[in-house]
Every structure is written in structure tokens, then in C-alpha cells.
Amino acid sequence: MSAQGDCEFLVKRARELVPGDLWAAKAWLITARSLYPADFNIQYEMYTIERNAERTASAGRLLYDMFVNFPDQPAVWREISVITSALRNDSQDKQTQFLRGLFETLPGRVQCEMLLKATEQCFNTLERAEMLLLLLRRFPETVVQHGVGLGETLLDTESIEDQESPVNCFRKLFVCDVLPLIINNPDVRLPASLLYKYLNKAAEFYINYVTRSTQTESQYQGSQDSSDIMSPSKRSSQKYVIDGLTEKSSQITDPWERLFKILSVVGMRCEWQMDKGRSFGDILHRMKDLCRYISNFDSDAHAKYKNQVVYSTMLVFFKNAFQYVSNIQPSLFQGPNTPNQAPLVLLEDVTNIYGDTDIDRNKHIHKKRKLAEGREKTMSSDDEDPSGKSRSRHITVNKADLANSIEVLESFKLARESWELLYSLESLDKEFTRICLAWKTDTWLWLRIFLTDMIIYQGQYKKAISSLHHLAALQGSHSPQQITGQGSLENQRALIQLATCHFALGEYRQTCEKVLDLMCCILLPIQEGGKVQEEQPKVKSKFRKGSDLKLWPCTSRAIMPYCLHLLLACFKLRAFTDSRDDMALGHVVVLLQHEWPRGENLFLKAINKICQQGNFQYENFFNYVTNIDMLEEFAYLRTQEGGKIHLELLPNQAMLIKTSSPPMGLLQQEFIPVLQPSIQTADRHHTVTRGITKGVKEDFRLAMERQVSRCGENLMVVLHRFCINEKILLLQTLA
């Protein structure tokens, strides 16, 4: 028998003995190995028995022998491949743990050589990178030789593969795994230009990772229902998986902290003027100081400190801008945000539109006396200068709408100041603009939301209108507009901000147009008994004078009161000019019913103007005025004591008597008025009709009586119907 045949026989015999007598099998193989020490199959069989028996130490010694003596055997590399896979695997199963333990028994030199040779066997870039990472982490001394090369390979592959997003598997491995090993190793010498390049790549990755939108995430979620992806409550529990990586390796904890750590290390390597452990406000203050004397440095120092200011300020800007947007519109981002928080929108604060707001709610003044007092007063407090640009602007927000409002407004302030600093010097502007162009920040929806709010804050309303149109284009590119009865949140946000910008510019017809378009998107939630559940932001009794801003909940129930304020502001200016405009004055009376009696002084001013005119014509009066106090005042105007004012408030009489069937209009079927006669109708009947039942036209008396029966109608439904049905008339009034 030949030697080859002898070896095969001995191995075969040992295999047969394994199930029944393991020690006999091992004896056969020991004998065989002493006879034929150069035979691979005998040693491999010995290794297989020890591995299957999970004897870590003995299996490790045999693997080491095979690796040294038979480095070209495919079976050896199959085993090494299985072991290195276990080392890269996050699994904690028994087999994986055994293989890791087996690897640990090998001498360090052999581990290093084994990983290095295993890397050479990999032809897939990702697999090769992960294998080299094993080597670099276990043997930091290899970072000098292989670290930068691995990093450049990953960046080159990203470029060759033409990745659409910087959040990809190659960039993730470079930024999160390779880069920290490189820059934290003092033996790795890197030129400043390469450090800035790596910092740029890291910043772009982390910012895009943190601010990834739900639309971006849906690309990685496979075939999921789009409504589920857009649902904040469902999205918060979803895991974001980067293509080419496992779910676990796709998750990054504390990305902002990691990014600022990289900034700090790069700064120390580039010999920046650094201060440790400072807040964002401190960093920004330090950069402002540096900018004051940056022009005094020579070219090299100027370039160094220019980069320090740009990157430090830029990261403070993006961090705080994100912090602001993620709080006012949390549904825009993937993550465990509060699912029930309503989005907020930054608007001009027009809550002081009524002028004199400090009315004693508990003090009742008889209508005659109140009217007389009202006519004697000169009410000019409501005619304020709406610009308010002569002082610093103030943003308010209700605590109930935003629990951490102080922190959010501070983020808005820091981001704003960072932006201004980046554009304060030409050299900073040029470098920051170059970075933004490379990153394609003009396609970042969340950033455009912040920039729009910042421009509104700055009072640059024409620029804000252009920014809102840019925002609408971005929203269209991210996802098709959902044409629904309620309209999309983005559409409502854009319309109300356009309205507030046009109003600030004095473009009242455009303001009215945007508000009325928005009214078509608003659906009032009808509760039992036809009552609309009103959740309007509570208004304080005193307001700052001038042009303040407010973060307003972007919901139908909160936005509608704001829309009514804007409409009142537009028509008030026209109604109280020297020239006569009964239509505008009538619209003001209708709108003043909202938040009654806050607008009582303004209403008395309207009554005073009507008395001065001696007559008044507004044929929509009985369609939309249901406030009992207003009805009483107008009834009183017809009396001898009230001045016998000639009032033309009646439309076609047939339409008047059928007040339960107002003119049909857009969405009319969805807002059917609920006529609930007031409990006090009988009591009020005498008051309203006092003095006009004798010698007055029968149709006016019947109309007033009918109107009193409508005082139980829900006011928000009435005003919403007014905006929908009278849209053309309202716009014509402001033409």
C-alpha cells in the first residue's frame, strides 16, 4: 500500500471510530501524524474532531499548526473565513462564541498575520474593509500602515459606485469606524488639507444621517404602505437600515456628539485656538472674537483660522437649525419624536388687532350707556404702525404647544447668529457657499423651512415669499402633493406664511386671497350637537407693541382664528378710512363676532362711523351676524333714541326669510349650520325688538326676530361659511 493510501486508510478508520470511541479515533490520528507529519488531511481531521467537540485550546493549536504548515490549503481558508465572519458578527449564539474563543487562543502575531492574509482573500470592497477594520481595532500599530489607505479606498469606491446619498455603507464605515482610528492615532501624520477633507466628509454624513426625512427613509424600507411611513407613531418604531449594512451597524448613537468630537480632534491637530468643554453659545462667541482680528494674520494663519471659523460656526448652525426644525415639525424626521405634538409655524403676531383689549369681562354696561360712551371716545389705539421694524423682534409660543420653548428659541437664535457670522466676511462666505453647493443644501427641505422662518424674522418679506415658493418646489420633488379634502400640512404651512408675509408688506388683497385659499383646506371637526371643538391658543390681556412673531400650532382649529385675525386686519384698514366703504365695514362687523367681546371697542367705532354717515348698507348682515349684542345695537340704531339711522340690511326678502338655507357655496354640504334656538330667545326678544315694533317695516322686524333664533348657531361654522361663500365678494372689496 502507498503512503497516500495509508494516510487515507488511517483517516477513514479514525472517522469510523469517532461516534463509538472518540479516544480510539484520536489515538489512530496521533499515530498517523507521527508516521506522516507532512500530510494535511490527518491534521485537518484532528482539528475537525477538536472543533466539533468545542475544545477551544486544542482546536486553536491545531489551527495554528495548519496555518503555519499548510497556508495554501483551501480548507484552511474556509475555516479562517468562518472564524473571521464570527468576529465581525454581532450574534451571541454558542457556535459564534466558540469560534471567537478559538481565535483568541492564537498568538497575537498569528492573529495579525491571519487577518491580514484573510483581507487579501477578499475581493468585495465592503467585506475587505470590515476585515481590515478587525485588524486595525485589534492591532492599533497597523493603523499607520493601513488606516489612511483603507479610508481612501472607501471614499474612492463611494465615488465610483456613484452613491446618491452621502448616507451609504462606504461613507458610514469611513466616518464612524476608520476615521476615529486614524485621527486619534498620534503616529499617523496627516496634512491639514487631508484633515479638512475628512472633516468635511464626516460633517456631510452625520448631518444627512440625523436629518434624513421620511421620504429618504422610505427608499430603504422596501414595499411598505406610504401612509404607514408618514405616520409619526409608526415611524418612531421603525429601524433605519443603510443599504449594504446590517440593521445594527446602521444605527449610530449620539451622531452630533461624534461629529463635534471629530471637529475637536481635527482642531487640535491643525493647531486651532481651542477651548475645551464649551457650549454652542461659547463656541459662537469665540468665533466672533476670532473674526475681529482674522485679517491681521499672514496667509497661512489666515487660512487656518478661516477654516476654524467656517467649520465650527457651520456645525453650530446646522445643529441648532436642526434642533429648531425638529421641534416645530417633528413629523419631518425619522425618530422617536412625540407623535401627538402639533407642528408649529412662525407667523406675524396679529393678536393685538382689536386695539384696546383690556376690557373688564365682568363689568356689564347697558347698551345705551356703552354706545354713548363709545361715541364720545376717539379710538386710535387700533391704528398702530404694523411694521414694528425699529426694534428687536420677539417670538412667543404657548408652553402647552412647546414644552421646551426656551431651548428651541435659543437654538433658533444661535442658528440665526451663526448664519449671519458665516456671511459677515467675504472669505467665510465664499468657503461656506462652496461647501453648501457641494452638499446640495438647496435640496434640504428641513433647512429651507428654517431659512424661511429666519427670513421672516429678519423682516425680509419679499425674500421670504421667494423662499416659500422654493419650499413648495422642494416639497413637490420629495413627494407628490396629496390632494385631499384637508390638504397637506405643507400646503397649509405655505399658505399661512405667504399670507402673513403679504400682510406685513401691506399687500392686503394677496393676504386675503391666501387666507381664503387656506379656508378651503380647513375642515372643522363637528362634535355631537353640531358644536365645533375649539382649541384656540389662549390670548393674554396685554401685548407687546409693534411687530412680534408667534409660533402657532399648524392645525385647522388653531389656524382658523389666526386667519380671521388677518382678514379683520385687512378690512379694518379699509373700513375706517375717511372715504366710505360700507362693504368693508360690514365685513369687519361680521369678523368682530370672533372672540367677542374682545373687539367690542372696535365694534363701537364702527357704530360711530355708521351714525356719522346717517345710513348703512350691508345685505349680508342677516346671513352671518348672529351675535346678540350686535343685533341689539343695530336694532337700537333704528329707534328714535338711537338716531333713526337708515339701515339697508335686507337682501331679497325671499332669501331673507329662508335663513336656514343660505346661498350654496364651496363645501356647503360639509358645513350645514346647526340652528339651535337660544334658551334665552324669549327673554331677549323683548330687548332686541324694543321700540322697533311700532312704525317700522315688517320685514326688518321679522328678520331681526328670525336672527335672534340663530344665536345658538356655532359661530366658527358661520364664519367659515362666510369665508367660503363670500370669497369673490371679499376679494373684490380689497381690489
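User: Two strands count as paired if DSSP finds at least two bridges between them. In this predicted model, which residue in S3 is the bridge partner of leucine 347?

Analyst: The model is predicted, and in it S1 and strand S3 (residues 549–553) pair in the antiparallel sense over five bridges. Within S3, glutamate 348 has leucine 549 as its bridge partner. For leucine 347, the bridge partner in S3 is lysine 550.

User: In which order do the three strands of the open sheet lie?

Analyst: The pairing in this sheet is mixed. S1 and S3 are antiparallel, whereas S2 and S3 run parallel and are joined by two bridges. Strand S1 (344–348) and strand S2 (395–396) stand at the edges; each has a single partner strand, so one side of each is left without a neighbour in the sheet. The order is therefore S1-S3-S2.

User: Which residue in S3 is the bridge partner of isoleucine 395?

Analyst: Strand S2 comprises residues 395–396, and two bridges join S2 to S3. The residue of S3 that bridges to glutamate 348 also serves isoleucine 395. The bridge partner of isoleucine 395 in S3 is leucine 549.

User: Are the two faces of S3 covered or uncovered?

Analyst: In a regular strand, side chains alternate between the two faces of the sheet. On one side of S3 lie Leu549, Leu551 and Pro553, and on the other lie Lys550 and Trp552; each of these residues is buried. The count for the strand is five buried residues of five, and S1 likewise has five of its five residues buried. Both faces of S3 are thus covered.

User: Is isoleucine 559 buried or exposed?

Analyst: Isoleucine 559 belongs to helix H26 (residues 556–575). Its relative accessible area is 1%, and the cut-off for a buried residue is under 20%. Because 1% falls under this limit, isoleucine 559 is buried.

User: What distance separates the C-alpha atoms of isoleucine 559 and valine 345?

Analyst: These two residues are 214 residues apart along the chain. Isoleucine 559 nevertheless touches Val345, and its other contacts beyond four places in sequence include Leu347, Ile496 and Trp552. The C-alpha atoms of isoleucine 559 and valine 345 are separated by 9.6 Å.

User: Is serine 405 buried or exposed?

Analyst: Serine 405 is part of helix H20 (residues 405–422). Leaving out residues up to four places away in sequence, serine 405 touches Val397 and Lys399. Its relative accessibility is 9%, which is under the 20% limit. For this reason, serine 405 counts as buried.

User: How far apart are the end C-alpha atoms of helix H8?

Analyst: Helix H8 (residues 125–138) has 14 residues. The expected span is 1.5 Å times one less than the number of residues, which gives 20 Å for H8. The model agrees with this expectation, as the end C-alpha atoms are separated by 20 Å.

User: Which residue caps the N-terminal end of H8?

Analyst: The cap is made through a side chain. An oxygen of this side chain lies 2.9 Å from the backbone nitrogen of leucine 126, a residue that is itself buried in H8. The capping residue is asparagine 124.

User: Which helices are included in what covers the buried residues of H8?

Analyst: Leu126, Ala129, Met131 and Leu132 are among the buried residues of H8. Their cover is described by contacts, that is, heavy atoms within 4.5 Å. The cover includes helix H5 (74–88), helix H7 (108–120), helix H9 (143–161) and helix H10 (169–183).

User: Which helix supplies the largest share of the largest nonpolar core?

Analyst: This core has 137 residues, and those touching the most other members include Ile207, Phe318, Tyr324 and Phe450. The largest share, 15 residues, comes from residues 299–328, which form helix H18.

User: How many residues are in the second, separate core?

Analyst: This core includes Cys520, Met560, Met704 and Leu734. In the protein as a whole, buried residues make up 53% of the 735 residues. The number of residues in the second core is 77.

Conventions:
Residues are numbered from 1 along each chain as its sequence is written. This is a predicted model: local features need pLDDT of at least 70, side-chain atom pairs count only at pLDDT 80 or more; totals for chains, interfaces and linings use all residues. Side-chain values use heavy atoms; hydrogens and water are left out. Helices (H or I, at least four residues) and strands (E, at least two) are DSSP runs, numbered from the N terminus. Buried means under 20% relative accessible area, exposed over 50%, partly exposed in between (1.4 Å probe, protein chains only). A polar contact is a pair of N or O atoms within 3.5 Å; within protein, one must be able to donate a hydrogen and the other to accept it, and residues adjacent in sequence count only if both atoms are side-chain atoms. A nonpolar core is a set of buried Ala, Val, Leu, Ile, Met, Phe, Trp, Tyr and Cys residues joined through side-chain atoms within 4.5 Å.
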